[in-house]
Amino acid sequence: PSLTTRLYSEEDSVVILTSATVKQTLLNSSTAWLVQFYSSWCGHCIQYSPTWKALAGDVKDWEHAIRIGVLDCAQENNFDICKEFGIHFYPTFRYFKARGPTFDVGKTYRGADRELQTVRQLMVNFLQNHTTQDWPVSCPPLEPYSSADILPLIGQKSNQYTAVIVENEDSYVGREVILDLMMYQGLTVKRALSSEKSLTEKLGINSFPSAYLLHPNGTHAILHVQKRLRFFFSSFLKLLLGVHRKLSTSGAPQELPVSLIFSRSKVYMADLESGLHYLLRVELATHQTLEGEELKTFKDFVTVVAKLFPGRQSVVKLLETLLEWLVSLPLEKIPFDAILDLVNNKMRISGMFLSDQLQWVGCQGSRVGLRGYPCSLWTLFHVLTVQAASRPDALANTGLEENPKAVLQTMRKYIVNFFGCQECGKHFEEMAVASLPQVKSVDQAVLWLWRKHNQVNGRLAGTMSEDPHFPKTQWPSPDLCPTCHEEQDGIHVWNEDKVLMFLKQHYGAANISPKHMY
Ligand code: FAD
């Protein structure tokens with residue numbers, strides 16, 4: 001049976017509990033739990049659900065220490081279990097300690113303040129209420145370290161980084177960063193208090209919170225971030241060379257066989273062309289003939305790419321010629337071989353060609369099967385949405401010129417009809433149904449794709465799809481775009497105006513590097 005309830009779905013980072021699972025989940029759990037017992041007909045619960053989902057997303061990386069659950073008491077098969085837990089009002093928030101040996105109805109949080117930041121801080125307090133006996137197995141220490149613990153580490157070589165967050169006693173930043181990084185290896189985060197004078201003097205720190213980084217090679221320095229906020233510290237540390245998300249399978253991650261040096265702040269033409277090559281000659285080539293909806297999708301795709309792709313002349317010319325050919329054909333059915341023949345042979349003679357090599361640069365993975373083609377497809381569509389926004393006349397006389405969603409609709413149809421990963425297509429379609437109608441301008445289209453891509457990143461973080469050397473983060477990280485990030489009431493928020501400017505610059509034609517092209 002589907003675990004989807006009216007307010008929460010499997011897409012959210014919350015664990016949906018039911019009468020069948022709740023007891024065995026909470027009993028002797030390796031993690032602590034914070035569970036909201038709610039009722040899907042209670043107005044307040046409905047209003048509160050976005051906060052609860054946002055909280056669960058915000059602390060997703062803490063899930064081996066404390067997890068967020070929900071149980072819908074309005075579902076008939078949950079009536080009895082809610083009675084057993086003694087739930088009288090909705091929502092009721094209950095904490096459950098890790099490693100509870102017997103059935104326990106949990107402790108109720110009665111505070112009126114249910115803002116995300118307050119609840120997140122309560123989670124930290126609650127974790128710290130555990131004793132050494134019931135401490136969640138994977139939860140790192142949260143107590144502050146003294147000068148005597150930290151000073152001897154300075155200048156020492158080590159097999160990993162140590163980051164020390166020095167802050168006032170009432171600040172939660174240090175503990176939040178410790179928990180944010182608990183799924184990562186290659187780094188330990190420790191918290192120290194600003195009252196440790198010998199430490200602050202030695203490190204030269206006089207404003208709090210500050211972070212100090214001890215490198216494996218024994219060097220050390222203050223960590224410079226644009227804003228001294230949780231998100232900035234955590235993002236910086238996750239991106240250190242040699243720091244990886246722990247793999248679910250045991251064993252150290254292999255060294256990255258970086259064959260090509262590339263910059264994360266660039267887009268590479270080699271990725272875009274390799275993506276087009278793979279799409280045309282491999283993915284589409286599995287379709288023997290194109291007709292009906294598939295043919296229409298293919299034509300729209302070629303139209304959008306021919307008009308908007310800011311590529312080399314030989315490639316743009318090839319796409320334009322392919323488009324002319326498709327438009328001039330009155331056929332209802334086209335054998336794909338004919339298209340391949342045109343692309344591979346006929347056009348080459350006139351100097352129009354698309355490289356037939358796969359050369360991943362910004363999209364290179366640490367092993368085969370990771371990154372590559374899907375990475376290039378995202379990149380291509382980001383580039384196309386940005387082109388559509390920067391060159392309003394580019395789609396003139398194609399029938400698509402009035403439509404600010406032309407690129408996104410083409411992408412959506414391509415993904416559904418042709419993208420080899422069917423699960424991906426299904427998820428993408430769900431997102432499109434839910435929110436694509438709200439896109440009303442070419443700028444909103446750029447932002448929509450960015451937002452949805454981050455939603456996918458959030459869902460895939462820590463799964464098998466993630467290349468441990470390229471962790472899935474909410475993008476752009478603060479080092480790429482510091483002004484994109486802000487904090488309001490302790491919650492990370494995007495400055496979308498700045499994000500839009502950044503996307504236009506990052507995916508703009510001027511930022512596409514021709515390096516490593518054949
Ligand atoms: P990618 O996510 O492919 O991103 C490529 C590059 O884009 C990044 O390196 C970064 O430079 C940039 N970037 C990252 N985030 C953003 C953003 N928010 N906005 C703009 N640029 C950004 N895989 C699954 O396992 N399950 C799925 O359901 C799934 N759905 C997918 C749906 C679509 C439409 C596509 C194209 C791919 C999907 N994939 C899915 C594949 C997955 O999203 C990744 O493409 C793949 O795992 C490779 O990841 P990557 O690390 O190369 O980064």
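**View 1. Strand β6 is covered on both of its faces.** In this predicted model, Y161, A163, I165 and E167 point to one side of β6, while T162, V164 and V166 lie on the other, and all of these residues are buried. Counted along the strand, 7 of the 7 residues of β6 are buried, so it is fair to call β6 mostly covered. If you are setting up a close-up of your own, the strand spans residues 161–167.

**View 2. Strand β6 pairs with β8 and with β9.** Here we follow the bridges on either side of the strand. Towards β8, 7 bridges are found, and the two strands run parallel. One place to look is E167, which stands opposite L193 in β8. Towards β9 (residues 210–214), there are 5 bridges, and here β6 and its partner run antiparallel. Among the partners in β9, S210 is bridged to V166, and L213 is bridged to A163. E167, V166 and A163 are buried residues of β6.

**View 3. The open sheet holds 4 strands of mixed pairing.** Reading across the sheet, the order is β8-β6-β9-β10. Which strands form the edges? They are β8 (187–193) and β10 (220–222), each of which pairs on one side only. From one strand to the next, the twist averages 20 degrees. Helix α8, made of residues 230–238, lies across β6, β8 and β9, and runs at about 15 degrees to β9.

**View 4. S234 of helix α8 makes a polar contact with D180.** Is S234 buried or exposed? Its relative accessibility is 3%, below the 20% cut-off, so S234 counts as buried. The side chains of S234 and D180 are joined by a polar contact of 2.8 Å. Setting aside neighbours within four places in sequence, S234 is in contact with V177, D180 and L181.

**View 5. Y8 and Y38 form an edge-to-face aromatic pair.** A search of the whole structure finds 22 aromatic pairs, and this view picks out one of them. The rings of Y8 and Y38 are 5.3 Å apart, centre to centre, with 75 degrees between their planes. Y8 lies in the segment before β1 (15–17) and Y38 belongs to strand β2 (residues 32–38), so the pair ties together parts that are 30 residues apart in sequence. Both Y8 and Y38 are buried.

**View 6. F85 and F96 meet edge-to-face within a ring cluster.** The ring centres of F85 and F96 are 6.0 Å apart and the planes stand at 85 degrees, which is over 60 degrees and therefore edge-to-face. F85 sits in the loop between α3 (79–84) and β4 (92–96), whereas F96 is in strand β4, so this pair ties together parts 11 residues apart in sequence. F85 has a relative accessibility of 2% and counts as buried; F96 is also buried, with a relative accessible area of 2%. Ring pairs link F37, F85, F96 and F103 into a cluster.

**View 7. Two charged side chains sit over aromatic rings.** The ring of F103, a member of the cluster in the previous view, has the charged end of K23 sitting over it, 4.7 Å from the ring centre. Elsewhere in the model, the charged end of R175 sits over the ring of Y172, at 4.4 Å from its centre.

Key. Residues numbered from 1 in each chain as written. Predicted model: local features only at pLDDT ≥ 70, side-chain atom pairs only at ≥ 80, totals over all residues. Heavy atoms only, no water. Pairing = 2+ DSSP bridges. Axes fitted to C-alpha atoms, helices over the stretch in contact; angles between N-to-C directions. Contact = heavy atoms within 4.5 Å. Phe/Tyr/Trp six-rings, centres within 6.5 Å; stacked < 30°, edge-to-face > 60°. Buried < 20%, exposed > 50% of the residue type's maximum accessible area, 1.4 Å probe, protein only. Lys NZ or Arg CZ within 6 Å of the ring centre and 35° of its normal. Polar contact = N/O pair within 3.5 Å; in protein donor to acceptor, adjacent residues only side chain to side chain.
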